[in-house]
Amino acid sequence: MVTGVTTATVGLLFSDIEGSTRLLQKLGADYAPVLLRHRELMRAAFAAHGGEEQGTEGDSFFVTFPGASDAVAAALAAQRALGQHDWPPGAPVRVRIGVHVGEIQTVAGTIVGLAVHEAARIGAAAHGGQVLVSARAAELAGPVPDEGAWRDVGHHDLKDIAGPMHLLQLDHRNLTGDFPPPRTQGAGRNNLPAQASAFIGRDSEVAEVVELLAATRLLTLTGAGGAGKSRLALRAAAEQGAAFPDGVWFVDLAPVTDDGAVSAQVVAAMGLSEDAAADLAGAIGDRRLLFLIDNCEHLVAAVCDVVDDVLHRCANVSVLATSREPLGVHGEIAWRVPSLGSDDAIALFTERARAVNARFEITDSNRGAVDEVCRRLDAIPLALELAAARLGSLSVEQLSARLDQRFRLLAGGARSAMARQRTLQATVDWSYDLLEPPAQAALRRLGVFVDGFTLEAAEVVCASDEVALVDVFEHLDQLVAKSLVVADEREGAVRYRLLETIRQYAVDRLIERGEIEAARDAHLAAVQQLAEASYRPLWYGDGGEVDALGRVDADDDNLRAGLEWALERGRAHEMTTILVQLFPWFLARARSREGLEWCDRLAATGIAAEDLGVLAFLRNVWGDNAGRGRTEADYNALDIEDGRALPESAFPWLAPALDAFTTIARVGLGSLAADDGLREVRRIADTTIGLNPFVRGMTLQALAWAHIMAGDLDGALAVGQESLDVAIVAGMSAGISRIAINMARISIGRGDLGAAFSYAEQAISAARRTNDTGVVIRAHGVLANIYAARGELKIAREVLLSVLDVTAESSTDHELGTFHNEIAWYAFLEGDLASAQTHVDRALDLIAPDAPGLEAALHTAAEVARVKGDLTAAWATLSQAAAIAWSETVKSGMPTLVLEAQASVRHDAGDDAGAALLFGAAAAHWPAGAVRSEIDSRRVGAIVEAVREALGAEDYAVHEKTGAALDLAAARAAADAMGPPTAG
């Protein structure tokens, strides 16, 4: 059974704009502000009467109210507000509203119930400017507010609702009073086939098709096989009885194979004599009727001739057609039938599943599997129905796990269905077989793209012995027209994609014909082309960085697939080259951990000598950014030895950056004095003058860090500014954003909070140009540091909370976990232990046991436990943190923070001698250049003073000096020897 179900009786209101499609066509770009203003007026009316918005899609609203009177009052207020607004000339916004009352259930946050469907049908029956109300709702609402009245409009049959419904119209002096009869279904004359199963969802699509039919005489619904074109057309046609007094006639062309038989099929559908087929238009004459011509794709030319003749000679005829491609008749509007929305897809799957398994329910445990099935089947109605039919013998979880075998799995549809719709394989075969051989070859090869592609990439992949390069666009255009490829236009550029079902079909055909390896080689070539085209904009700037980042973003999944294939085929050099060319993209998108994983997998395969240095560079910088610690042996074995190969590689200019980073790493490891490291990195930086701006900027950043490690923040700021200037001159926004963040941190260390704030804002501005959400998030972290440094902890927390949602949407679990820990730390410093506990618990849930940052979250958790008085838990948690912190080797200040926290626990437990020793060790090993907020310094300083007061100044100095003489390993051993606290 479904858990978490609540039931209530409420007022229900549905609304939408009448003629919104025509309004959009008329207003163009001016439609958006009109739509927004409409929403503002409606929402103000709803809010004033206790409305709770349940769903908004396009120009429609679904709102619930505490009772019927509230819903009626809101409807009246909304119509009055809309009527009084000054809309653009000739483009009034006329909204139809339906009000009902009934029992609903809330299931996992979703509103369901028969009353919801009844209310939606009432709204669909209204005209623009009209409020229709069920008799029951009107009775419960009582008198209309402000001297309004009820007008009885009779009993009406609403689609999908059993029995007629009594409807009333809300009349008021400020509203239009006279309307045509409600838009309910009239049977009229028709031969429309009865449907054995319920029509699920598609309310907005049906409404749009009905609107388009009123605006054109030929509307063709296009879409992939199984998309639901026929069912949608039948539903829309069923509502046209009143508009076409001479009938709505269904013409099924699926069984017709002869071009010359199209007219005869139309005549047969109307019940006319066979002789009428010789002059179909003459036989129709001036009758006012609608033809629904279904399944035209295999007879397009013949249908085009017949429809064109009829429309030209019969002024009162309209045609609604379904086809996998447009007919090409002058004046035709082609409307692509989309896949179902997620809610409708789940509803259809559930309804069809219950037909084979009456006990099927969506539960908390299987909801994820249902979502996965609907998503991976592209929410295609036929695919969902065939999948649901398998639930008589499979669980939905088993079904989801077998979707890679979909063309064998989704077979055996209803025996009454056409042969080509009994299996998913058959319906795609039908479209594939209608293609010419070169177009079939192009479709097969397009299957290797993972998530969309450009025309240029398609040309690389499709060009072959069967497909000439110059013909690729024509074949692609044909595949789009036949609904086998989807074309999405965004910001003036078109990107193509295959529905996953079509893509898998294409891949199966490649494998079947032994073409898969050649196609994947061509796909890798397309990825190489992308990397090559992005190389100069990313490394040199040249004003094209933003576009290059966007191109790689769009082909993210194709990049992964290409790298996997290169790895599988042992093409190490090509893989290494791609990784270097796109290295700035990995940094800009905070993908260093992923880049590092590619390097590790590549290193395990064995690579040529000229690529070893490149690999060393990538592993070093990505490892540093991913927070992976290194030992002295790591640098000797990998970075220095392999770095010698860099001058022999295709990218010799990487050598200075690698040398600079390994040098500062040695300073962090303690094998090189900070001053010596600074001199060496300065020498290396001098060699990068004149090199590409990315390498120059990286080396200067390394030099800035060397200044920090030498305790020279002023020098770090000067070098950092030079690095920032290089990025600005090159127009490299990604570099500007990262460097500006570092400058802000240096400025915080120098106590110049005004400069820090300016740098943080500069970072955010640059990051927004490159759509770098990760930098925006990190910049907000720096802003929080600034406010914390000012002692404004509440604002610091609010800054972090302001980007928590976007962090959750765009970050990995690890990144989100560290973000929660930062919020927890500020809450702890502010004294809000409840909030601190909540956020640190979330951090510990998200950060993997072996991931960097876990020790920081453990440190926070321990401090919270200590202040709460649980010293045993605090000590145990700090022991966990110590095990991680002492294993880190580069630029880590965590050991000293752990020692301070352990010292605080010893003090709270009454062991002030132990506390003094650990405070001494922590102070002696505080990292050069590291800064902390003033409020945290005061917090720790207060504990130190308490220990000094408890011991006396002389004894404190003795124990502190003993601790300061210990190296970090000895300090940890001393803490371990103290054992868990026994008092507090």
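**Exercise 1. The end of helix α44**

Determine which residue just after α44 takes a positive phi, and how the span of α44 agrees with the expected one.

*Solution.* Just after α44, a positive phi of about 95 degrees is found at Gly 952. This is a predicted model, in which local features need pLDDT of at least 70 and side-chain atom pairs count only at pLDDT 80 or more, while totals for chains, interfaces and linings use all residues. Residues are numbered from 1 along each chain as its sequence is written, and side-chain values use heavy atoms, with hydrogens and water left out.

Helices (H or I, at least four residues) and strands (E, at least two) are DSSP runs, numbered from the N terminus. The expected span of a helix is 1.5 Å times one less than its number of residues. Helix α44 has 18 residues (934-951), so it should span 26 Å; its end C-alpha atoms are 25 Å apart, which agrees.

Next comes burial, where buried means under 20% relative accessible area, exposed over 50%, and partly exposed in between (1.4 Å probe, protein chains only). In α44, the buried residues are Ile 935, Asp 936, Arg 939, Val 940, Ile 943, Val 944 and Val 947.

**Exercise 2. The open sheet**

State the order of the strands in the open sheet of five strands, and which strands stand at its edges.

*Solution.* Two strands pair if DSSP finds at least two bridges between them. The order is β10-β11-β12-β9-β13, and the pairing is parallel. The edges are held by β10 and β13 (333-336); each has a single partner strand, so one side of each is left without a neighbour in the sheet. Axes are lines fitted to C-alpha atoms, for helices over the stretch in contact, and angles run from 0 to 180 degrees between N-to-C directions. With direction ignored, neighbouring strands of this sheet are turned by 20 degrees against each other on average.

The pairs can then be taken in turn.

- β10 (residues 248-252) is joined to β11 (residues 289-294) by five bridges, and the two run parallel.
- Across that pair, Val 248 has Leu 290 of β11 as its bridge partner, and Phe 250 has Leu 292.
- β9 pairs with β12 in the parallel sense over four bridges; Leu 221 is partnered by Thr 322 of β12.
- β9 is also joined to β13 by four bridges, running parallel, and the bridge partner of Leu 219 is Ile 333 in β13.

**Exercise 3. What covers the strands**

Decide whether the residues of β9 are buried or exposed, and which helices lie on the sheet.

*Solution.* In a regular strand the side chains alternate between the two faces of the sheet. On one side of β9 are Leu 218, Thr 220 and Thr 222, on the other Leu 219 and Leu 221, and all are buried. Five of the five residues of β9 are thus buried, so β9 is largely enclosed by the rest of the structure. In β10, four of the five residues are buried.

Contact means heavy atoms within 4.5 Å. Helix α8 (residues 262-270) lies across β10 and β11 and runs at about 135 degrees to β10. Helix α10 (residues 300-313) also packs on the sheet, where it touches β9 (218-222), β11 and β12 (317-322); its direction makes about 160 degrees with that of β12.

**Exercise 4. Two helix pairs**

Describe how α29 crosses α31, and how α41 crosses α42.

*Solution.* Two packed helices are described by the angle between their axes and the distance between the axes. Angles under 35 degrees count as roughly parallel, over 145 as roughly antiparallel, 65 to 115 as roughly perpendicular and the rest as oblique. A crossing is left-handed if the near helix is turned anticlockwise from the far one by less than a right angle, and right-handed if clockwise.

For α29 (residues 655-669) and α31 (residues 693-709), the axes come within 9 Å and cross at roughly 15 degrees. These helices are therefore roughly parallel to each other, and their crossing is left-handed. The contact includes Phe 661 and Ile 664 of α29 and Met 698 and Trp 705 of α31.

For α41 (residues 871-885) and α42 (residues 894-908), the axes come within 10 Å and cross at roughly 160 degrees. α41 and α42 are therefore roughly antiparallel to each other, and the crossing is left-handed. Among the residues in contact are Trp 875 and Leu 878 of α41 and Val 898 and Arg 906 of α42.
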